[in-house]
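Let's walk through how the ligand sits in this protein, and then look at a bit of strand pairing. Grab a coffee and have the viewer open.

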Amino acid sequence: MKLTRRSFLKVSAVTGLFAAGATQTKPVLNAFSTKTSASNENKEQGEWIASTCQGCTAWCAVQIYRIDGRATKVRGNPNAKANHGHSCVRSHLGLQQVYDPDRVKQPMKRTNPNKGRDEDPQFVPISWEEAIDTIADKIIELRDNNETHKFSLWRGRYTSLNEILYGAMPKIIGSPNNISHSSICAESEKFGRYYTESYWGYADYDHANTFYEIFWGGDPIATNRQVPHTASIWGDLKDRAKLACVDPRLSTTAAKSDEWLPVIPGEDGALAVAIAHVLLTEELWYKPFVGDFKDGVNKFKEGETVNEDDFEEIQTHGLIKWWNVALKDKTPAWAAERSGIPEEQIYRVARDFGRAAPKAISFSSPGSSMVVRGGYTVMAQAALNGLVGSADNEGGVICGAEDCPVNNFPEYDYYIDDIAEQGNSMERIDHGGRLELPGLKDSKSGGTKVTNSVADAINNSDPYDLKVVMSYWNNFNFSNQGTDRWDEALAKIPFMVHMTVNSAEQTHFADIVLPCPHSMFERLSPVRGSNGNLYTHLHMQNKVIESPFDIRVDETEIPWMLGEALEKRGFSNLIDYFRNEFADPETGKHPENGEEFNEIATKMYTQPLWDPSVAKEGDTIDGWEELKRIGTWNSIPYRFRQKWDGNWGTETGQFEFYSETLKIALQGHADKHNASIDDVMEATLQTERGEMAFVPHYEPAYRVGDENEYPLIFTEHRSKLNREGRSANLSWYQEFKNVDPGDEAWDDVAKINPIDAKKLGIKNGDDVKLTTPTGSITVKAKLWEGTRPGVVTKCYGQGHWAYGHIASLDRKKQIARGGNNNTILAPVHEAMSGSGARHGGQTRVRVEKV
Ligand SMILES: Nc1nc2c(c(=O)[nH]1)N[C@H]1C(S)=C(S)[C@@H](COP(=O)(O)OP(=O)(O)OC[C@H]3O[C@@H](n4cnc5c(=O)[nH]c(N)nc54)[C@H](O)[C@@H]3O)O[C@H]1N2
Ligand SMILES: Nc1nc2c(c(=O)[nH]1)N[C@H]1C(S)=C(S)[C@@H](COP(=O)(O)OP(=O)(O)OC[C@H]3O[C@@H](n4cnc5c(=O)[nH]c(N)nc54)[C@H](O)[C@@H]3O)O[C@H]1N2
Ligand code: SF4
Ligand SMILES: [Mo]
């Protein structure tokens with residue numbers, strides 16, 4: 001970065017970006033030891049205050065110990081049932097995040113009009129008023145020119161209050177372009193469940209009663225969505241059940257499972273259909289769920305088709321079609337050739353899994369589904385739960401939940417005027433729903449917003465340019481595959497606002513930077529989490545500490561201030577919506593400022609939970625103050641088999657092996673483009689045609705890069721210590737990074753099997769350059785048997801060049817610690833669900849010693 005000494009000092013003074021010295025690698029955290037005036041007299045006893053950790057999508061209820069106004073410790077909230085009252089290691093990292101000296105401390109504006117990675121933004125502090133007025137002027141300009149669709153709101157992580165900023169605000173301004181990060185997170189995983197049993201969401205698992213689990217690329221004691229639950233129950237689970245982990249890498253879970261299946265990346269589908277083949281040919285399907293041959297004689301024989309009339313199904317639909325079209329030839333010997341897993345092991349896993357029926361779990365995750373062509377793989381994984389009758393059953397997989405009765409936010413249709421309506425009707429920026437990107441969320445063509453296409457849309461002005469972007473709690477030029485495209489796109493946006501906690505890679509391209517509260521410690525909000533341990537729940541975030549910084553809540557206070565500024569400029573619909581439609585459920589009082597708005601919105605949303613007069617099944621909480629104090633509401637435990645007997649929600653009402661639901665969705669998408677379903681299959685890079693489109697089936701791995709030029713396959717995983725993309729600036733993260741099998745503290749390593757390393761003449765600790773057709777990064781080599789030969793595996797999370805003085809080796813010179821996987825991962829999609837395909841070994845790589 002071409003920073004002059006003067007501008008550098010200015011930036012440091014303003015943002016504290018380099019407060020502990022730009023090149024210092026192991027600074028001391030001293031926020032806890034600095035005394036405040038309060039600490040000299042009247043020493044506070046200290047108390048545990050409820051809040052919610054959002055370090056990952058488990059969204060655990062926690063308690064935070066506050067003493068002398070400071071947060072000092074974190075633990076699980078003993079009232080919470082989904083996480084057994086526990087939190088994981090990452091919850092503690094939150095403390096270093098909230099006291100990170102590199103946080104953004106006041107609003108700033110860019111003074112260098114040029115944007116680029118090499119351009120110093122030359123941020124200077126401004127008042128909140130100036131910041132909000134500037135944004136309001138930009139929005140009014142769009143409205144005056146009837147081009148409100150060129151406004152876009154980007155969302156990364158969020159709380160349940162996101163409905164205001166992400167849901168209502170863009171619509172009232174007049175833009176269809178509210179873009180979330182969901183499609184770079186886990187949408188494809190949901191695809192499998194939706195097109196078998198009509199559930200678009202995360203699953204829950206009855207670990208406490210199961211006898212067999214297959215983990216498909218999930219590492220649930222280190223990552224995924226229920227770490228405190230899985231870790232709490234793991235000892236008991238291991239004693240009772242057999243566990244098989246399919247992962248090209250020896251993950252923590254693989255290391256603690258009975259079977260490790262180090263699959264060739266992207267070839268999980270071969271294993272899944274071969275397991276189905278064995279379950280059928282060896283008569284291991286669960287007959288009380290699936291049904292049986294009318295004459296009781298098993299006719300599933302390798303290579304032979306079966307007559308549909310011979311079989312009577314009970315809970316399911318289309319078993320015989322599925323067998324005839326996609327399974328009859330898929331033997332373990334066939335799968336062994338593709339997956340790299342020995343035939344005997346496939347038989348053993350399939351038989352043990354079948355014998356455990358119906359208490360046998362096929363556990364899907366992004367690892368095997370956020371993969372080009374991974375949609376059909378994850379459908380096959382879901383279908384296994386149908387074959388063994390564990391779907392919606394004890395010891396099985398729950399795709400549904402008991403009710404968590406929260407209120408909807410007030411309707412805002414009335415506040416959408418003609419200008420906004422015209423803007424809302426424009427084509428979306430993200431390409432979701434185009435022929436090659438069906439994004440079939442909830443059966444809708446374009447149901448998914450395709451986050452990673454937005455960079456291409458901007459760079460190619462296709463379908464138009466964006467002029468004003470507001471963005472929060474995200475870092476898209478770090479978190480999306482193909483980061484160089486994002487740098488280019490961000491530089492092209494004339495006006496971008498980043499609402500953030502840390503100044504990050506995306507902030508580097510911002511025109512206005514707005515400092516926001518750390519959600520776990522500094523704001524009040526409701527968090528409606530995913531299910532765990534059979535419970536669904538809502539947790540509260542509380543303002544545990546008063547922030548020393550000049551922050552405002554992204555999801556409520558900022559839109560409120562913007563509403564007021566727009567009103568002054570003659571457009572009052574946004575603030576009218578807030579003022580008129582929101583009212584305290586107890587007093588009827590309407591909000592008069594952003595802070596009141598935040599509290600009233602939270603209170604309205606959660607009212608059924610804290611109002612004892614509302615009938616519900618679950619905890620009884622005596623009033624609003626009590627909800628904040630207890631911090632969590634738990635449902636009753638899940639009642640199994642709610643979906644059985646015709647309530648599966650699919651087109652047929654059955655658990656679908658032959659997905660009539662997907663057939664209709666695909667037909668709708670094809671019709672929209674005057675194309676055939678085969679055309680859709682081709683455009684989405686699938687290799688199969690015809691009836692295969694409607695059944696779980698094998699698709700070979702898709703790879704970018706020529707094998708001769710890029711001989712190895714690149715694959716990646718996340719860290720036990722990642723709080724998504726935002727923990728690399730914490731010394732605890734770096735110091736304990738070696739808790740991830742094969743990784744090193746204070747470093748970022750490419751894990752290479754010693755067999756490959758020998759061929760390449762690479763030794764442990766060598767600096768190596770990883771090059772793919774998308775880009776290159778330089779990291780350290782680690783020789784490690786936990787990577788299968790032919791594959792390079794590396795953790796995601798490092799490689800931040802603009803996140804702070806620990807994440808970077810030299811923040812001033814933009815030298816990152818390690819490399820960002822997204823710099824070398826090709827920007828490819830699992831198109832059926834519209835997902836970013838980061839897994840499955842999508843990119844070939846060349847490894848060279850430097
Ligand atoms: N510790 C931690 N936990 C987290 C998060 C975090 O940042 N840190 N983030 C949360 C979020 S936002 C999400 S979406 C979830 C993600 O849920 P996870 O289940 O954690 O998903 P991933 O990390 O994407 O992938 C996990 C595994 O897939 C393996 N893998 C890669 N390619 C393949 C393949 O082709 N086949 C198979 N079978 N495996 C493969 C990797 O080695 C890795 O072990 O985790 C949540 N939990
Ligand atoms: N290669 C690869 N890419 C991945 C993944 C992977 O495993 N590998 N994981 C993917 C997944 S599952 C996900 S969910 C996405 C996440 O990707 P993003 O949604 O882009 O989020 P993060 O990268 O976590 O960056 C969050 C930003 O928000 C800021 N921030 C932190 N806390 C707060 C807060 O409380 N409020 C506000 N307003 N800002 C805050 C931080 O400073 C940071 O700049 O990344 C995806 N990208
Ligand atoms: S990081 Fe995730 S699993 Fe760990 S405590 Fe926080 S929300 Fe729970
Ligand atoms: Mo995610």
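One thing before we start: the domain bounds used here come from an automatic or database domain assignment. Also, this is a predicted model.

Q: Why does ligand 1 lie between domain 1 and domain 2?
A: Look at who supplies the shell around ligand 1. Residues come from domain 1 (188-401 + 644-659) and also from domain 2 (712-849). Since both contribute, ligand 1 lies between them.

Q: Which element gives the most residues to the shell around ligand 1?
A: In total, 35 residues surround ligand 1, with Gly217, Thr223, Asp268, Asn722 and His839 the closest. By class, the shell splits into eight nonpolar, 15 polar and 12 charged residues. The top contributor, with four residues, is β24.

Q: How much of ligand 1 does the protein bury?
A: Start with some polar contacts: an oxygen atom of ligand 1 is 3.0 Å from a side-chain N or O atom of Arg838, and a nitrogen atom of ligand 1 is 2.8 Å from a backbone N or O atom of Ser719. Taken alone, ligand 1 exposes 910 Å². Of that area, the protein buries 99%.

Q: Which residue in β33 stands opposite Val768?
A: Strand β26 (residues 767-771) pairs antiparallel with β27 (residues 776-783) over five bridges, and a hairpin of four residues joins β26 to β27. β26 also runs antiparallel to β33 (residues 843-849), joined by four bridges. Opposite Val768 in β33 you'll find Lys849.

Definitions and conventions
Residues are numbered from 1 along each chain as its sequence is written. Chains are lettered from A and ligands numbered from 1 in the order in which they are written. This is a predicted model: local features need pLDDT of at least 70, side-chain atom pairs count only at pLDDT 80 or more; totals for chains, interfaces and linings use all residues. Side-chain values use heavy atoms; hydrogens and water are left out. Two strands pair if DSSP finds at least two bridges between them. Helices (H or I, at least four residues) and strands (E, at least two) are DSSP runs, numbered from the N terminus. A residue is near a molecule or strand if one of its heavy atoms lies within 4 Å of it. A polar contact is a pair of N or O atoms within 3.5 Å; within protein, one must be able to donate a hydrogen and the other to accept it, and residues adjacent in sequence count only if both atoms are side-chain atoms. Accessible areas come from the Shrake-Rupley method with a 1.4 Å probe; for residues, only the protein chains shown count as cover. Ala, Val, Leu, Ile, Met, Phe, Trp, Tyr, Cys and Pro count as nonpolar, Asp, Glu, Lys and Arg as charged, and the others, Gly among them, as polar.
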